[in-house]
Amino acid sequence: MKNNNVKKVVIAGGGTAGWVAAAALVKQLGKLLDVVLVESDQIGTVGVGEATIPPMRTFHSLLGIDEQEFMRATESVFKLGISFKNWGQIGDQYIHPFGSTGQGSYLADFQHLWLHGKSKGINEEFGAYSLEVQAAKANKFATSKNNILNYAYHLDATRYAQFLRKFSEKLGVKRIEGKIQQVQQHPDGDIKALHLESGEIIAADFFIDCTGFAGLLIDKTLKTPYEDWSHWLPCNSAVPVQTESIEPAKPYVTCTAHKAGWQWHIPLQHRVGNGNVFCDAFMSDEQAKQHLLENVQGKVLTEPRVIKYKTGRRKVFWNRNCVALGLSSGFVEPLESTSIYMFMMGIVRLMRLFPFNGVTQSSIDEYNQQSIAELENIRDFIILHYHATSREDSEFWRYCKNMSVPDSLSHRLELFRENGLYYQGDRELFRLDSWLHVMLGQGIMPKHYHSIFKTMSDEELVSHLTNTRNTIANTLSKIPNHQEFVNQYCKAQR
Ligand code: FAD
C-alpha cells in the first residue's frame, strides 16, 4: 500500500448507494477532496429499496437536507414500524415499532413488568404500551419539535437517487456518464483507474464501489471473497411490482409471510411498492410472480421482474484503496429495511477514518471490524424472524424452524426463553425494544422473569400499567390522521 495522500475519490455506480456516498462526501469533505461519480444509464439501477429506518433522519441532518423538500421530491410518507402477518403462525399479527415501549426499572426492563402483569391476568398485548404501535394502528401521525413519535420514511428509490444527484452536483460532484469496461490496477494491486467504453480513463487515489450486484471493483477486480449466509437466510429471489394506491397511505410497511417467503407492501404518496421475497428451491419464479399478482390491490403499473441474490457479505468491505458500499458489499434481505442504513453508516464510518494521508492497515481493520459486527447483529435479527416460528405448514418453514442458528443468536434466545433477559452491545442497530417486539410477537414466552416487580402491590401494578396506556391514549387523541398530515406537510406537486 502506498502512502499517497488521498485527494481524489471516484465513486463507481450511481444507484442509491453511489449518490448517498457522493452527497455525504461532498457536503462534509468537499473542500478537501475532488469527488467524481461514474454511472451508466445503459445499465440502470436496481430501483427498489423504499422502506427506511429512523437513523436516516440523522444522516439527512448531517447533510442539511430539509425534510419537507426531501419528502415532496421523493413522494415519501412516514413509517412508524412494520406490521408482520403470519410469521409466528398463520393468522398472527404484530407490529415491530420504532421507539421505546413501556417503562421498566434500573434492575429490570419493561418486559419483566409486563410479564408480571400477565401473570396477574392483565392481558393487554405488549404493543399496547408503545405509542408508535397505537399510532400505526389508528393511522395517525405528526412530527413535532420534540418528536414524540420515532419515525422513518417510505420513499421512491429512483426519485431519491435523483434528489441526491441534484444535491451532490450542486455542491460540486462531477458526474461522468459511461460504461466501465476495465479496471486498471497498479503493480502492487491497488486500483489505479477506470477505463470507460468511450475511451476515457478516470484515475483516482481512492475508489468506492457502488456498482451493485456487479461488484466491478471489490469482486471482479480485487477478488474479495464472499461469505455465504444462505443456510440461515434461504430466500434468494425477489420480484417487485408497483401498483396504484387505492386507499390513504398507512404509516407502516406490511410484511406478510407465505409458504416460501414473504410479501411486502409499502405505500407512498403516489403509488404502492409491493414485492415477493422467496426461496426458489420452494417456489418457482413463475409461482412467485403469480402469488404476488394475486395478492396486490390496485392497478398494476410495472412489469414484475425477478431479482436473484445470494445473502451474505464480502469478507472485507474495505480492501486496498477501495471501499464497497451497497449491493456490491453483500446483501441481507429487506425484511427490516436495513440496506440503505448500512451504506449511510458505511460512508460516515469511512469519513471518520478517511485516509487523507494514505491508506493504512489499522484504518482498514477498524472499518471492517465495525462494519462486520454491525451487519452480523442485523443478520441475527433477521434470522430471528424466520427461526422463531411455530409454522410447520411447508417445507420452507419446517427448515427455518429447525435450522441451526449462529451462536450469538442462540445465546440471546436462551437467555430470553429462560428468564426474559436481554442484553445489547454498544454498536447494535436493533435495540432492546425491537428484539422484544419480535420475540414476543412471534410467540416466545419466557419461562421466568425478574422478581423485582413482585414487590409491587397489585394496586400499584394495575395503576402503573393503566396509567401508561392512558397516557398513550391521551397523546394519541391529539395526533392527526397520517394522510391528512402528509397532505398539509409535504404533498408532492404533480
Ligand atoms: P444499484 O442500484 O444496482 O446501482 C448500481 C449502479 O452501478 C448503477 O448506477 C449502474 O449504472 C452502475 N454500474 C454497474 N455496472 C456499471 C458499469 N459497468 N459501468 C458503469 N456503471 C455501472 N434497502 C432498504 O434500505 N430498504 C428496502 O426496503 C429495500 N428493499 C429492497 C428490495 C429488494 C428486492 C432489493 C434487491 C433490495 C432492497 N433494498 C432495500 C436494498 C437497496 O435497494 C439497495 O441497497 C440500494 O438500492 C442500493 O443499490 P446500489 O446503489 O448498491 O446498486
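Two strands pair if DSSP finds at least two bridges between them. This criterion underlies the close-ups below, which show a predicted model.

**View 1. A mixed, open sheet of six strands.** The strand order is 7-2-1-11-20-19. Strand 7 (174-177) and strand 19 (318-319) stand at the edges. Each has a single partner strand, so one side of each lacks a neighbour in the sheet.

**View 2. Strand 1 beside strand 11.** Strand 1 covers residues 8-12, and strand 11 covers residues 206-209. The two run parallel and are joined by four bridges. V10 has F207 of strand 11 as its bridge partner. Strands of a sheet pair through backbone hydrogen bonds, either parallel or antiparallel.

**View 3. The largest cavity.** The model holds two cavities of 30 Å³ or more. The largest encloses about 240 Å³ of space. Its lining counts 18 residues; G326, S329, G330, M342 and L375 are the closest to the centre. Strand 21 (330-331), helix 8 (339-352) and helix 9 (361-387) each give two or more residues to this lining. Helix 8 supplies the largest share, five residues. By class, the lining has ten nonpolar, seven polar and one charged residues.

**View 4. The second largest cavity.** Its volume is about 40 Å³. The lining consists of A51, T52, I53, M56, S337, I340, Y341 and M344. Helix 8 again gives the largest share, here three residues. Six lining residues are nonpolar and two are polar, with no charged residues.

Terms used
Residues numbered from 1 in each chain as written. Predicted model: local features only at pLDDT ≥ 70, side-chain atom pairs only at ≥ 80, totals over all residues. Heavy atoms only, no water. 1 Å grid on protein atoms, 1.4 Å probe; cavity = no way out; pocket = protein on both sides within 12 Å on 5 of 7 lines; lining within 4 Å. Points joined across faces, edges and corners; volume = space filled by probe spheres on them. Nonpolar A, V, L, I, M, F, W, Y, C, P; charged D, E, K, R; others polar.
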